Amino acid sequence: MRSDPVTLGVLSARFQAIADEMATVVQRTASTIFVVETADFTTMLLDTRGRVFACPMKIGITVFVGLDCRKLLELCAPAEEGDVFVTNDWHGTKGASTHLSDIVVIRPFFWKDRLIGYGYAFSHATDVGGKLPGSISPTSSDTFQEGIRIPVTKLFARDEVRDDVLQMILANCRAPHDNWGDIKGLVAAMRMGENRIRELCDRYGAEMVGIATEDVIEVAGEKARAAVRRIPDGEYRFADYLDSDVVSDHPVRLALNLTVTGDELMLDWSHSATQVQGAFNVPTGGTNHPWITYRALTLLRHLDPTIPFNSGLLTPIQAKAPEGSVLNPHFPAATGVRFPTALRANDVMLGALAQALPSQLPAAGGGAMVPVVFSEPDPASGRPRVLTLQVLLGGTGGNPKDDGIDGRNCELAMLRNTPVEVTERNASVEVLAYRLRQDSGGAGFHRGGTGIEYTVRVLRPGCVITARGLERYNFQPWGLEGGLPGIQGRTILNRGTPQEREIGRFDALAPAPHDVVTFLTAGGGGWGNPLERPGEKVLADFQSGVVSVQAAQSEYGVVIKGDEIDWVATEALRARMAPEARAGTYSFGQWRSKHERTWSEALQDQLVSHLFATPVALRSYVSKVLVNWVIAESAQGAPIGAAQLTKRWEEMREKGWVEDV
Amino acid sequence: MYRAGIDVGGTFTDVVLMDHQGLVVMTHKVPSTPASPQEAVLQGLSEALEKAGAPPADLDVVAHGNTLGVNAVIQRRGAEVVLLTTAGFGDVLELARLRMSDPLALVPRRPRPMVPRNRVFEVSERTSAAGSVRQRLDVEQLRETLKDIPVSNQTAVAIAFLNSYANDANEKAARAEVQAAFPNLPVVTSSELWPEAREYERTLFTVMNAFLVPVMRVYYEKLRTALKDRGVRCRILIPRSSGGVMDIDEAGTTPIHTLLSGPAAGATGAHFFAKALGVTASVTLDMGGTSADVAFVGPEGLVHSTDNHVGELPVIAPTVDVSAIGAGGGSIVRVDVSGLIQVGPDSAGADPGPACYGRGGIQPTVTDAYLLCGYLNPENFLGGRLKLEPILARQAMEPIAARLGMTLESAASAVLQVAIANMAAELFPLMARRRVDPRETTLVAYGGAGPTIAGLLLQEMNLKQMVVPPGPGTLCALGAVISPFKVDQVRMVQANLEELGTNLLQQYYADLETEAIRWLEAQGVGASARQLIRGADVRYKGQPADLFVELSPEQSLTAESLRGSFEAQHHDIYGFTDPKAAVIVTKLRIAGYGRTNGEVQPRTRNRESDKGGQAGSRKLHFALGWTTGQILLWEDLQVGAPVSGPAVIESEDTSIVVPPGLVCTLHETGACILTRIVEA
């Protein structure tokens, strides 16, 4: 640290203020609900080496604090005063944007002709072209279907917009006005950021400001290292699943080897699935990237809340994911729906860390974020009108100190919901229920937070409902230290009528007028043995309606008669249930047990390693053949072992990969 | 005749007496009595009257600001609220708006809803978004439900149904049933209280009101009786969160509208002096021992926020635009492992308070740093009401200095630099959000600690100037007594302006105005004393947020004129208009004002000196080191005579620190104005 501590204290507060101030400028000048209300954007300050030295903590998306922008800045050259670069190209920038819908704007900051840093901002664009309105579809199979790709391009030169470039971009978007309005907001924020940094240089000198930017990162790094030292050395392995990539039914496994050695924390994602055919791939550049490190960063800040919120948090961390992984796909993979995968990667990091820090961390949260998107024909023009009815989340996991939070969660995003009164005003639906879902939180000494129920009646013909991110419908949010897993999500058409039908993870639904659709999201996992939960708390959950009388009995061993506990019956029941109580760290639920009876850890590792050894172009084909073969063979009798799989894979290789007819 | 303004704060209860000419003739402070706040009010008022030589019968108005409501909400000490909602939506308070206060928390804290789930009851009824009753209230079911409701003398009932802002029939019917079943319980419906769309915010607003009714009503009743016993039989007025005052009876039934009465009254007082000095845009800084709050004030009065929060709870109706920026003088100071100074966020509070208070606090605080830098006079702090102990401040700051490798005073000075940088870091984004340019902004500093730190903040943020009004320690009490009557009305419209048309627009405003006039008349405000100001929340179709447009009372009201006003403002802010775009009117608003009786002079009658302070000089420590500064008494200052920093101006309320580079001038109103020394 080269600054004096007082100046550094003052300047680090000012850096934070500038990042926050830029965010407020975006929020007050941008033109879409996505940016203004949902706050799907951020504004950050970068040093000349592409490291983030300030990022807003209370507004917008916080996950990108760990972004490495070296590659991006190499492409923003030559940079002159008043330039603004624009891009959404995840491939060229090695993950500085992670799907085409996130438009990134970069402005070099100059003071007296000297380059002193950069401003970075992104916002989620309503539409960037591609195969359907809104641009994002789980079934997109390559990035070209997801919209226009903008390599790093100079959009402003000397503060003048380059109209040809702008028109080229806007001509390829369905909502050009919205996009331009949002980009202008980002650009205004960058300009104000540059002015503020210049004021600091005027006052303190560019030298001192430059040193302070390095020092705030260094301080964060030192503190982050100190925090890692508080995690016991060891190797911790954990895996979890996406239900599927929608294109096939096969679950997508994310597997992590987390190694702590002194003040270093390695995140090795090498055993995770190879890239998928749907749009669930997460571009990370294969190294430290927010989507595959964020949970570890939040853990470090949990251990020491005074760590400055900047790139320095990553100092002790080294992540890797091989090229071709679902967490580091080859170009031109589709990446539009990378969020559910990132959410699961977060769960995986949590699961591994829970071994390292027993009795300190929560069980898995609901693990899904579902925007329910509604399209109806405009009565006058007949053209489709599209809006998001609601964003659905599950609760948080139970934790060592308390129950999980019911129906709310902010693991990766801090979205706001849409008031029902606003939804009903803007869409031809009647919302019948928006409430907590009874018995969905995993039972535990500390209960998992519940999922929610969202029920809508469609009032007009010609409407379509889509809902990407319908996850945790099969694999449950796991419980911890004896707690039970949260209950899976469901979607039901016309519940409680003779026409009732389970529609599960549907793709697009075209309901008839008066059809009623019910979404039930997963609850968080429980923490600790539910049989040890004080009966009074179970009774209180029953009285508040979060737990039913049946679940009180079957999950907690608490017998409730009328409005009171039958203590005698409860003691007897709990004694009977005690031997069955789960020991061990995690409880995953039946779906995962069943899956892993066929797919042992060794077999899955072997499959992944063979696929990485298969030519890229053939991987999804070979994967499909091998998966189907394993399923068919195991259905016959004994589970397939890793050696048998290898034999089968080698046969395919010898035949030149193509199976005989 | 006299008017009395009172402010009940956490530490002190302040009284201001104003004579019939509108001159402040007495300011007085007594320790608050949190267990029964009216005792301090009575004591303060009696003492002030006695000192002024006025009998209680000479009072014709008592205006009483307080933070009792807001404290009750934060500490959850209020009624046991029973909430009735539309079937299917009983978790409206649990789900809130999903977002949580700390998005970075690995283990977020479980929120505590204002009404636990087992006191929420769902009722069969339904109104559509367009305001038609799809399902009439199921009276039989409600009656059955009411049989299960646990009732005590602490119970209050809140009724908030979906879309009731568009049609209140079902809520009214439900209220009738509840009142028939429980004639003695307070019952509040969301549509009568604040008929605005967004069910969570409206429901919570209704619930908070129900929560406060029993508490505040009882307190106001005790206060009134106690005052009557002392011969005070005049009107009692309560400041409203959006500025202005309302009658104590009204405040007892809608206490939610007085939730931020203290800050609103303070900002009203600050604006009063800012206006007298010709200041247009200002930010007020109210800093005491445990809090530092800023509020935004425009040329014509308070800036209103419709997005304010109490803790994590949103307040849907307009309030003074106040935000907290740190924990004030009580903020605890530490040095972290990297050798950086950390100020706050935790506070020593009022008890034990800073180390130098000698009440058992041993951790160093910002106030200790003031004392060590020479900014406070240990013998004349708060007019000598509290003796400060420099030795305790030194002991507390010693470890900080040792860690920093600095002298004690340099360390104290460094702590203040960091504290001020932190406040600036909070304030800059707040100003950016409101499009306020720091260089054009005047800081109006009050409260015990505000004037001490504000000069340094002025320099750090490069603000235009700073004003300390006379009596900065009792400004909230003054603000209460000079406030007009005020009422806010809202109507949801959510319509295309062109389709709405002039006739309907005029009719809607006429309805709102009738309501506002009825309210003002109930407060005794006649036609000649009232003013109604129309406003509207408007946007272009497709825009994500409304713009609030105030409509000039002179202009005739038509759809075209409304559009014109909106577009003029849109151009000011965004630099363009879109004449082809449809304009959506979301809400219409009326702010009704009524003059209270009497003149107000923006100055304070000179008081004879009864303080222990003494002019002279003292060593002061600033960022560049020790310097000797003049010490002056505020009452000795001459109008127009500049005092250059370094200097400290002491009064019974506060110490104004004038750092090197600033100059202080006394204005004829009695206010001190600090500006930068202009180099020739």
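This report looks at one residue of chain A and then at the interface between chain A and chain B. The model is predicted, so every value here is computed from it.

**A residue to start with**

Let's begin at A:Thr32. You will find A:Thr32 in chain A, in the loop that runs between helix H1 (5-29) and helix H2 (33-36). A:Thr32 counts as buried because its relative accessible area is 4%, and buried means under 20%. Setting aside residues up to four places away in sequence, A:Thr32 touches A:Thr126, A:Asp178, A:Asp182 and, from chain B, B:Pro544. With one of these, A:Asp182, A:Thr32 also shares a side-chain polar contact of 2.7 Å.

**Where the two chains meet**

Now for the wider view. In chain A, 80 residues are in contact with 67 residues of chain B. Between them the two chains bury about 6,400 Å², with 57% of that on carbon and sulfur atoms. On the chain A side, the residues that lose the most area to chain B are A:Arg28, A:Arg408 and A:Glu421, which together make up 14% of what that side buries.

The interface also holds nine salt bridges and 25 residue pairs in polar contact. Helix H1 of chain A gives the most to the side that touches chain B, with 14 residues. Sorted by class, that side of chain A looks like this:

| Class | Residues of chain A touching chain B |
|---|---|
| Nonpolar | 37 residues |
| Polar | 20 residues |
| Charged | 23 residues |

For a salt bridge to look at, try A:Lys223 and B:Asp336, whose side chains meet at 2.3 Å, N to O.

Technical notes: Residues numbered from 1 in each chain as written. Chains lettered and ligands numbered in written order. Predicted model: local features only at pLDDT ≥ 70, side-chain atom pairs only at ≥ 80, totals over all residues. Heavy atoms only, no water. Helix = DSSP H or I, 4+ residues; strand = E, 2+ residues; numbered from the N terminus. Buried < 20%, exposed > 50% of the residue type's maximum accessible area, 1.4 Å probe, protein only. Polar contact = N/O pair within 3.5 Å; in protein donor to acceptor, adjacent residues only side chain to side chain. Contact = heavy atoms within 4.5 Å. Buried area = accessible area lost by both parts, 1.4 Å probe. Salt bridge = Lys/Arg side-chain N within 4 Å of Asp/Glu carboxyl O. Nonpolar A, V, L, I, M, F, W, Y, C, P; charged D, E, K, R; others polar.
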